[in-house]
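Here is a short, friendly tour of one protein model, meant to be read with the structure open beside you. Take a moment to turn it around before reading on.

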Amino acid sequence: MIMKKKIFTSLGLMSGTSMDGVDLSIIKSDGYNEFSSVLNVYREFDNEIYQKLTNLRDKIIDINDLKVHSEILKDLEKKFTLFNAKIISEIINNSDHEIDLIGFHGQTIFHKANIKVSKQLGDGKLLSSLTKKIVVNNFRQNDLNHGGEGAPLTPIFHNLISKIVNKKFQVKLPINIINIGGITNVTQIVEYSNDVKKNFFAYDIAPGNCLIDQWVRKHSKSKFDKYGNYAASGKVDNLILNQAIDNFEIKSFDKSLDIKDFDLSFVKGLSFEDGCATLTKFTGYLISDGLKKINERNNIFSNDYILCGGGRKNNFLMKTISEFLDNKNINLTDIDNYNFDGNFIESQAFAFLAIRSYLNLPISFPNTTRCKKAISGGKVFQNF
């Protein structure tokens, strides 16, 4: 007799590189192959937290800055955790679902895999005490300790999504799931077997929204380029674009990327709109180039690219990626077309990773983060 696995109700929290708020998702899953979405909501930070987060990120350039600004970090971490606790309480009080676990990613402030440091603001112990729930956080450190890059961590969830899409919509393998957040990462799902070394591969391949968002925040009152409208109203400076393409190359896809690996200096003389257009074109080129190189590296060629993350809504960026890929047989499909909400894939992923961490199941793999062996991660707090 096969024992049925326990279905957990897990709440996932994700605050990304835009630093504008928190995505919250509630899912039901066994941590293996069962999955259903219960609730997805977004809560914007108040202006004080937003300003303090963005100011702090600009100050943290190297590991010594974590020590220099330790008091500010400590104070802001508490405010950030209290904000998350408040929205969790609001959601739980208005929900009929009993939450088993909370996956608390936190806000990334500093990430350097080569020195095994990844700092996310978020106090798991305090959040557990405030919510009276089991909290799982600090998802990246165990991977770093075992030779991994600490990112990307979503591929095991992308693998589950691909199984659902494959079964319900008859989308054939191989499938590429591309997440365009601050950084762009891709998961290539090749087959479904017991050999995780063959099943799927994952890589950070390019900037995502980070350059565009930074330019928009610096030169306007907006936080991002909605639908790519600013870029569409500008003109690409092809001379600057081609120089940037010639001078910049991502040499290894075996390394994780951080938003501080990129800078805006090459467009500093352009108007706001032309800067948006040129940066978006540059980003689109790097994403398409990364996809081509990954396909060639693994000798895996797929026509189906499923897009999630905020960048999928930037029409100018999507058009640019498609033009640079230059293949009429390629389908760039919004994940929403497969009955998923593309804005909440990462918050759902960390709800899923919380379950796997709690069950001591692997969340990172040699083919995803370059760790030495498949390992679990996430620190479990039960402080009540």
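The notes below go through sheets, strands, salt bridges and nonpolar cores in turn.

Please keep in mind that this is a predicted model. Among its features are an open sheet of five strands, a count of 13 salt bridges and a largest nonpolar core of 45 residues.

**The five-stranded sheet**

- Five strands make up an open sheet, in the order β9-β8-β7-β10-β11, and their pairing is mixed.
- At the edges sit β9 (200-207) and β11 (331-334), each of which pairs on one side only.
- On average, and with direction ignored, neighbouring strands of this sheet are turned by 25° against each other.
- Within the sheet, β7 (residues 175-180) runs parallel to β10 (residues 304-308), and four bridges connect the two.
- If you would like a landmark for that pairing, look for Ile178, whose bridge partner in β10 is Leu307.

**Helices on the sheet**

- Helix α11 (residues 272-298) packs on the sheet and touches β7, β8 (183-189), β9 and β10.
- The direction of α11 makes about 155° with that of β9.
- Helix α12 (residues 315-325) packs on the sheet as well, touching β7, β10 and β11.
- For α12, the angle to the direction of β11 is about 160°.

**Strand β4 and its partners**

- Is strand β4 mostly covered or mostly uncovered? Spanning residues 101-112, β4 is mostly covered, with 10 of its 12 residues buried.
- Strand β1 (residues 8-15) pairs with β4 in the parallel sense over five bridges, and Ser10 has Leu101 as its bridge partner in β4.
- Strand β6 (residues 134-137) is also parallel to β4, with four bridges between them; here Gly103 stands opposite Val136.
- Strand β5 (residues 117-121) pairs with β4 in the antiparallel sense over five bridges, and Thr108 stands opposite Gln120 of β5.
- β4 and β5 form a hairpin with four residues between them. Lys116, in the turn, has a positive phi of about 60°.

**Salt bridges around Lys293**

- As general background, side chains of opposite charge can pair when their charged atoms come close.
- Which residue forms a salt bridge with Lys293 at 3.9 Å? The partner is Glu249, and the distance is that between the closest N and O atoms.
- This pair links distant parts of the chain, 44 residues apart: Lys293 belongs to helix α11, while Glu249 is in the loop between α10 (238-247) and α11.
- Lys293 also meets the side chain of Asp289 in a salt bridge, at 2.9 Å from N to O.
- Asp289 and Lys293 are both in helix α11, four residues apart, or about one turn of the helix.
- Burial sets these two residues apart: Asp289, at 19% relative accessibility, counts as buried because the cut-off is under 20%, whereas Lys293 is partly exposed, with a relative accessible area of 27%.

**The Arg312 and Asp334 pair**

- Arg312 and Asp334 meet through their side chains in a salt bridge of 3.0 Å, N to O.
- Arg312 lies in the loop between β10 and α12 and Asp334 lies in strand β11, so this pair ties together parts that are 22 residues apart in sequence.
- Arg312 counts as buried at 7% relative accessibility, while Asp334 is partly exposed, with a relative accessible area of 26%.
- Through shared partners, salt bridges join Glu249, Asp289 and Lys293 into one network.

**Nonpolar cores**

- The largest nonpolar core has 45 residues, and those with the most contacts inside it are Ile180, Ile205, Ile287 and Leu291.
- At least two residues of this core come from each of β7, β8, β9, α8 (210-219), α10, α11, β10 and α12.
- Which element supplies the largest share of this core? Helix α11 does, with nine residues.
- Ile287 is worth a look in your viewer: leaving aside its neighbours within four places in sequence, Ile287 is in contact with Ile180, Thr184, Ile205, Ala206, Pro207, Leu317 and Ile321.
- Apart from this core lies another, of 35 residues, including Leu160, Cys308, Ile335 and Phe365.

Notes: Residues numbered from 1 in each chain as written. Predicted model: local features only at pLDDT ≥ 70, side-chain atom pairs only at ≥ 80, totals over all residues. Heavy atoms only, no water. Pairing = 2+ DSSP bridges. Axes fitted to C-alpha atoms, helices over the stretch in contact; angles between N-to-C directions. Contact = heavy atoms within 4.5 Å. Buried < 20%, exposed > 50% of the residue type's maximum accessible area, 1.4 Å probe, protein only. Salt bridge = Lys/Arg side-chain N within 4 Å of Asp/Glu carboxyl O. Core = buried A, V, L, I, M, F, W, Y, C linked by side-chain atoms within 4.5 Å.
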